[in-house]
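What follows is a walk through one protein chain and its ligand, going from a single helix to the whole fold and back to individual residues. Please keep the structure open while reading.

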Amino acid sequence: MIHDGIPVDDPKHKHGRFFDVWSRFYRRTLFGLELRRIQRLAIDRLKLVPGQRVLDLGCGPGDGAQWIAGHGAVAVGLDYSQGMLEAAREVAGLGGRLTRGDAGRLPFKDGAFDKVICTNSFHHYPHHLAALKEMRRVLRPGGLLVLVDPRKDHLFGWAAIDLIENAVFGLEEVRIFSVPQWHRMLGEAGFASARVDVGPAWQPVAWAEVFVEATA
Ligand SMILES: C[S@@+](CC[C@H](N)C(=O)[O-])C[C@H]1O[C@@H](n2cnc3c(N)ncnc32)[C@H](O)[C@@H]1O
């Protein structure tokens, strides 16, 4: 699996290595638990109807896709980390609907999904606008994107991403955006309408994130 010109399993691919290692204990940390809570907030915003086709982009260890399937929707999980996908394969009922792939080149037809969800994955993509355009392409007209990612205009977002992931773990390409930047990017990616707000102030990690709801 090639991502941004380098095989994801190659030790030179720092992001791939980072997630393969993290996949071994992802759910077992306090931070992991907090990310689960945020994922649930995002899934509530999908307003799922049984039978809808939903892509969980950057699905990690599969909890989100499992909850989506629990609402009677058809959940497909995509991730580029072999380690994360192996963890996701242990989640009952998801095996056949997990795909290894790159957010920048989604292996799906135009309009294949009613909904796309992407939680805490977007800041790792090297070509952000290209990834947003791909999300819009695979949504049917009128389909909904729900995306959550750390925001630039909050100290925690800056500390977690620019300081820890970039400076400490050496993931140079990570990048986060402010609310006005999000509005601009969603327009450039061709979404018909978009709402961007921040998480609830009483949940400190969620508060440091943008919650995007955009219609294709
Ligand atoms: C912090 S985890 C989030 C996992 C899950 N969405 C959640 O909310 O807990 C980020 C995930 O994005 C995946 N990812 C990062 N860049 C990717 C890319 N370009 N294509 C596909 N998956 C990617 C990683 O492998 C990882 O599983």
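**Helix 7 and its surroundings**

In this predicted model, the buried residues of helix 7 are covered by elements that include helix 5, strand 8 (193–198) and strand 9 (209–215). The residues that are buried in this way are W182, M185 and L186. They lie on the same side of helix 7, because the arc they cover around the axis is only 100°. On the face of helix 7 turned away from that buried side one finds the exposed residues P180, R184 and E188.

P180, which belongs to helix 7 (residues 179–188), counts as exposed because it has 11 C-beta neighbours inside 10 Å, and the cut-off for that class is 12 or fewer. In sequence P180 is 35 residues from T215, and the C-alpha atoms of the two are 17 Å apart in space. Just after helix 7, G190 adopts a positive phi of about 95°.

**The chain as a whole**

Stepping back from helix 7, the protein chain has a secondary structure of eight helices and nine strands. Its radius of gyration is 16 Å, close to the 17 Å that the globule rule gives for 216 residues, so the chain is as compact as a globular protein of that length. Taken along the principal axes, the box filled by the C-alpha atoms comes to roughly 40 × 40 × 35 Å. Of the 216 residues, 44% count as buried. When contacts between residues at least 6 apart in sequence are considered, 63% of them join residues that are at least 24 apart.

In soluble globular proteins, nonpolar side chains tend to be buried together. Here the largest nonpolar core has 55 residues, of which V116, I117, M135, L145 and V212 touch the most other members. Strand 7 (residues 139–150) supplies the largest share of this core, with six residues. For L145, once residues up to four places away in sequence are set aside, the residues touched are V116, M135, L139, V212, A214 and A216.

**Helix 1, helix 4 and the ligand**

A one-sided pattern of burial can also be followed in helix 1 (residues 14–22), where H15, G16 and F19 are buried. These residues sit on the same side of helix 1, because they cover an arc of only 100° around the axis. The buried residues of helix 1 pack against helix 4 (82–89). Helix 4 in turn has G83, M84, L85, A87 and A88 as its buried residues, and what covers them includes helix 1, strand 4 (74–79) and strand 5 (98–100).

Within helix 1, what makes H15 count as buried? There are 23 other C-beta atoms within 10 Å of H15, and a residue is buried if that number is 20 or more. Leaving aside neighbours within four places in sequence, H15 is in contact with H124 and L171. By contrast with these contacts, R27 lies 12 residues from H15 along the chain, and the C-alpha atoms of the two are separated by 18 Å.

Helix 1 also leads to the ligand, since helix 1 and helix 2 (30–45) each supply at least two residues of the shell around the ligand. In total 21 residues surround the ligand, and the closest are G58, G60, S81, T119 and S121. Sorted by class, this shell has seven nonpolar, 12 polar and two charged residues.

**Two loop residues with positive phi**

Most residues other than glycine have a negative phi. Two residues of this chain are worth inspecting against that background. K47, in the loop between helix 2 and strand 3 (53–57), is not a glycine and yet has a positive phi of about 45°. K47 is exposed, because 12 other C-beta atoms lie within 10 Å.

N120, likewise a residue other than glycine, has a positive phi, with a value near 55°. N120 is placed in the loop between strand 6 (113–119) and helix 5 (128–138). With 19 C-beta neighbours inside 10 Å, N120 counts as partly exposed.

Conventions. Residues numbered from 1 in each chain as written. Predicted model: local features only at pLDDT ≥ 70, side-chain atom pairs only at ≥ 80, totals over all residues. Helix = DSSP H or I, 4+ residues; strand = E, 2+ residues; numbered from the N terminus. Arc of directions from axis to C-beta. Contact = placed C-beta atoms within 7 Å. Near = placed C-beta within 6 Å. Nonpolar A, V, L, I, M, F, W, Y, C, P; charged D, E, K, R; others polar. Rg over C-alpha atoms; globule rule 2.2 N^0.38 Å. Core = buried A, V, L, I, M, F, W, Y, C linked by C-beta atoms within 7 Å.
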